[in-house]
Amino acid sequence: MDLATVIQLLDSTLRLATPLLLACLAGLFSERAGIFDIGLEGKMLAAAFFSAAVAAMTGNVWIGLLAGTAASLALAALHGLASITFRGNQLISGVAINFLASGLTVLIGQTWFQLGGRTPSLEGAARFQEITLPLAGVLEPVPVIGPLYANVLSGHTILVYVGLLAVPATWYVLFRTRFGLRLRAVGENPGAVDTAGVSVVGLRFSAVLICGLLCGLAGAYLATGLSAGFVKEMSAGRGFIALAALIFAKWRPWYALAACLLFGLLEALGNRFQSLEVLGVTLPTQFMQALPYILTVVILAGFVGKAIPPRAGGAAYVKER
Amino acid sequence: MDTMPRWADIALIPLINLTLALLVSALVIALIGENPAQAMGVMIRGAVGSAYGWGYTLYYATNFIFTGLAVAVAFHARLFNIGGEGQAALGGLGVAIVCLSVPWPHWTLALPAAVLGGALFGAAWAAIPAWLQATRGSHIVITTIMFNFIASALLVYLLVNVLKVPGSMAPETARFPEGARLPSAYDWGAWMGFGRSAPLNVAFFVALACCVAVWVLIWKTRLGYEIRAFGQSEAAAKYAGIRPVRTIMITMLISGGLAGLMAVNAVQGEAERLVIDSVQGAGFVGIAVALMGRSHPLGVLLAALLFGALYQGGAELEFEMPAISREMIVVIQALVILFTGALDNMVRGPVEGLFRRRRKGAT
């Protein structure tokens, strides 16, 4: 493998890791507050559709982003209503949201565009354009660092950088602010938070809505950054890979970045090579596709560092009467 | 303290939930500019208005009985088996291996063998998540989701590289031998008007037998008692001498086995070969079916019939009203899961309040 191939691989790794990263951080907020969310996939899909559809109609990707995020937030609010307000089963609610998004996007897409569930392909201002970071041209001749900066880090759409910046932002919010402390507490021991006079319902709803916002960005990136338009089921299990990355990272932001980059690399490798020769063993693409899930099961099994979820995760909080 | 009579709990609330789901579905149809009443008419006529429709409705229902029972059995032990999709896919592999490895002389021999093969492979695929839940505490929902994806990748690999007929382009196995062909509805039910095209086959009766067997298991055997006791309270079950690891393992093996049996209907009965994605979402429909059926075999049977009708009616709907695409079924399914599963308390609260007030008025 020569340097140019490596650079290309790393470039597409970053591209493919971004939707995973945004969705993974979305899940991080929700699960740290004690709300399991297996509906990341559905929220991403809904956001992808509405961002592409509105961008196609208005010709403006920013309005599209707004619409996509609004759709994701609406589903997040539904999840909150079901699992916080009515204390329903969070997993079942997530399953319902995934189906709802998968059905509605195609149904509405067919009604609006008559393209079998696709949106028209986006071009020009209806898509996010690639940004060249400052000094990319100047630094390019510098060995190793130059090409890495100019060809891997530079030249992505704005949402890639938003995703990267969201990592320190998430870390800061969760571990350095009062809101973050309370949010983590509500995922571990909601009773204690309630005793301290802080609203459990309010905190959990804000976590679920932040999750909706980030899933919205992830979905919008899929349809208007990574591709040029929406196609049926385009999230293709990424919401679940993000969930896997979240467990792999043991619910911590910086590790989430590492896990998403790893899973992004696996996807990039799978896209580029039909099969891969490692230490004399030929690995088929299907193995690489399954690898994120296999790794997650191994981590969950606790043989290689145990993944312990937030203690109050999955349980509705019932106030003492 | 019982706030509600039993009939309200097992019949009234699911009916209200279902009505709400259908009302919202009607709203969705109205919003995309079509007539909900007309759509409903097309669906009902398409699903149950002819022997042709019934041939498909009961075929789909057979799949959903298997996957619904799988989820229901696990629910009794308070385990959420979301991996029916993967377990049924592996069941397909088991059925295909059984059907292809022996030149079956007659279906009466091939059927029990395929039942065994499907159940064994499905159970095996549930075994690892079950074992991890029982001994390592790994959340079974997450592990079974992961195993769905692993199963899908595994089957694609096997079909493309191992099981494909040499020289053929299509990633599918060879056609099963004639002796493994299950009698279709046309063979035994032509007098009821079933045509040659009906995919309904004898696996339907296997599904009915499974309903009875699950009912006996859950309510009439010691094992069923242990499963229910474990689901009600793990601590109390342990105190009563019920072994948690054993209970989780057995429950999940039965659950996975039931999901695997779906392949007898879909792979052996209908496709007569193993194709990519032979399950087609039936594993997930099982969740909706088990929720609607309150995890009771009779409820599962009724809910599976309803969803079978929904699937067949939805196919007709796309045919007759092209503006409504097939995905409408997925939307209805989502709304049923949402209202009967996640938003159950929204209905339960007010209904309970109503009964409490009535009782107070009476005394």
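Which residues in H1(A) meet residues in H6(A)? Ile7(A), Leu10(A), Asp11(A) and Leu14(A) do so on the H1(A) side. Their partners in H6(A) are Pro147(A), Asn151(A) and Val152(A). Sorted by class, this contact has 5 nonpolar, 1 polar and 1 charged residues. The model is predicted. This report goes from the chains to their helix pairs, and ends with the contact between the chains.

**Confidence**

The predictor gives the complex an ipTM of 0.90 and a pTM of 0.90. Chain B has an average pLDDT of 91. In chain B, 99% of the residues score at least 70. The elements of chain B vary in their mean pLDDT. Helix H15 of chain B, residues 344-362, has the lowest mean, at 85. Helix H8 of chain B, residues 203-220, has the highest, at 96.

**The two chains**

Chain A has 13 helices and 4 strands. Chain B has 15 helices and 0 strands. Now take their dimensions. The C-alpha atoms of chain A fill a box of roughly 65 × 50 × 40 Å along the principal axes. For chain B, the C-alpha trace spans about 75 × 55 × 35 Å along its principal axes.

How does each chain fit the rule for a compact globule? Chain A has 321 residues, so a compact globule would have a radius of gyration near 20 Å. Chain A has 20 Å, which agrees. Chain B has 363 residues, so the expected value for a compact globule is near 21 Å. Chain B has 21 Å, and this agrees as well.

**Three helix pairs**

Two packed helices are described by the angle between their axes and the distance between the axes. The table lists both values for three pairs.

| Helix pair | Angle between axes | Distance between axes |
|---|---|---|
| H1(A) and H6(A) | about 45 degrees | 9 Å |
| H7(A) and H10(A) | about 150 degrees | 10 Å |
| H3(B) and H8(B) | about 20 degrees | 9 Å |

Start with the opening pair. Helix H1 of chain A covers residues 3-32, and helix H6 of chain A covers residues 145-153. Their axes form an angle of about 45 degrees. That makes H1(A) oblique to H6(A). The crossing of H1(A) and H6(A) is right-handed.

Next comes H7(A), residues 158-176, with H10(A), residues 200-226. The angle here is about 150 degrees. H7(A) is therefore roughly antiparallel to H10(A), as angles over 145 degrees count that way. The crossing of H7(A) and H10(A) is left-handed. On the H7(A) side, Leu159(A), Val162(A) and Ala166(A) make the contact. They meet Leu214(A), Leu217(A), Ala220(A), Tyr221(A) and Gly225(A) in H10(A). By class, the contact of H7(A) with H10(A) has 7 nonpolar, 1 polar and no charged residues.

The third pair lies in chain B. Helix H3 of chain B, residues 51-76, packs with H8(B) at about 20 degrees. That makes H3(B) roughly parallel to H8(B). H3(B) passes H8(B) in a left-handed crossing. H3(B) brings Leu58(B), Thr62(B), Ile65(B), Phe66(B), Leu69(B), Val73(B) and His76(B). H8(B) brings Ala203(B), Phe204(B), Ala207(B), Cys210(B), Cys211(B), Val214(B) and Ile218(B). The contact of H3(B) with H8(B) has 12 nonpolar, 2 polar and no charged residues.

**Where the chains touch**

How many residues of chain A are in contact with chain B? The count is 38 residues of chain A, against 35 residues of chain B. Four helices of chain A give two or more residues to this side: H3 (61-85), H4 (90-113), H11 (238-248) and H13 (285-301). H4(A) gives the most, with 15 residues. By class, the side of chain A that touches chain B divides into 23 nonpolar, 14 polar and 1 charged residues.

Definitions and conventions:
Residues numbered from 1 in each chain as written. Chains lettered and ligands numbered in written order. Predicted model: local features only at pLDDT ≥ 70, side-chain atom pairs only at ≥ 80, totals over all residues. Axes fitted to C-alpha atoms, helices over the stretch in contact; angles between N-to-C directions. Parallel < 35°, antiparallel > 145°, perpendicular 65-115°, else oblique. Left-handed = near helix turned anticlockwise from the far one by under 90°. Contact = placed C-beta atoms within 7 Å. Nonpolar A, V, L, I, M, F, W, Y, C, P; charged D, E, K, R; others polar. pLDDT = per-residue confidence, 0-100. Rg over C-alpha atoms; globule rule 2.2 N^0.38 Å.
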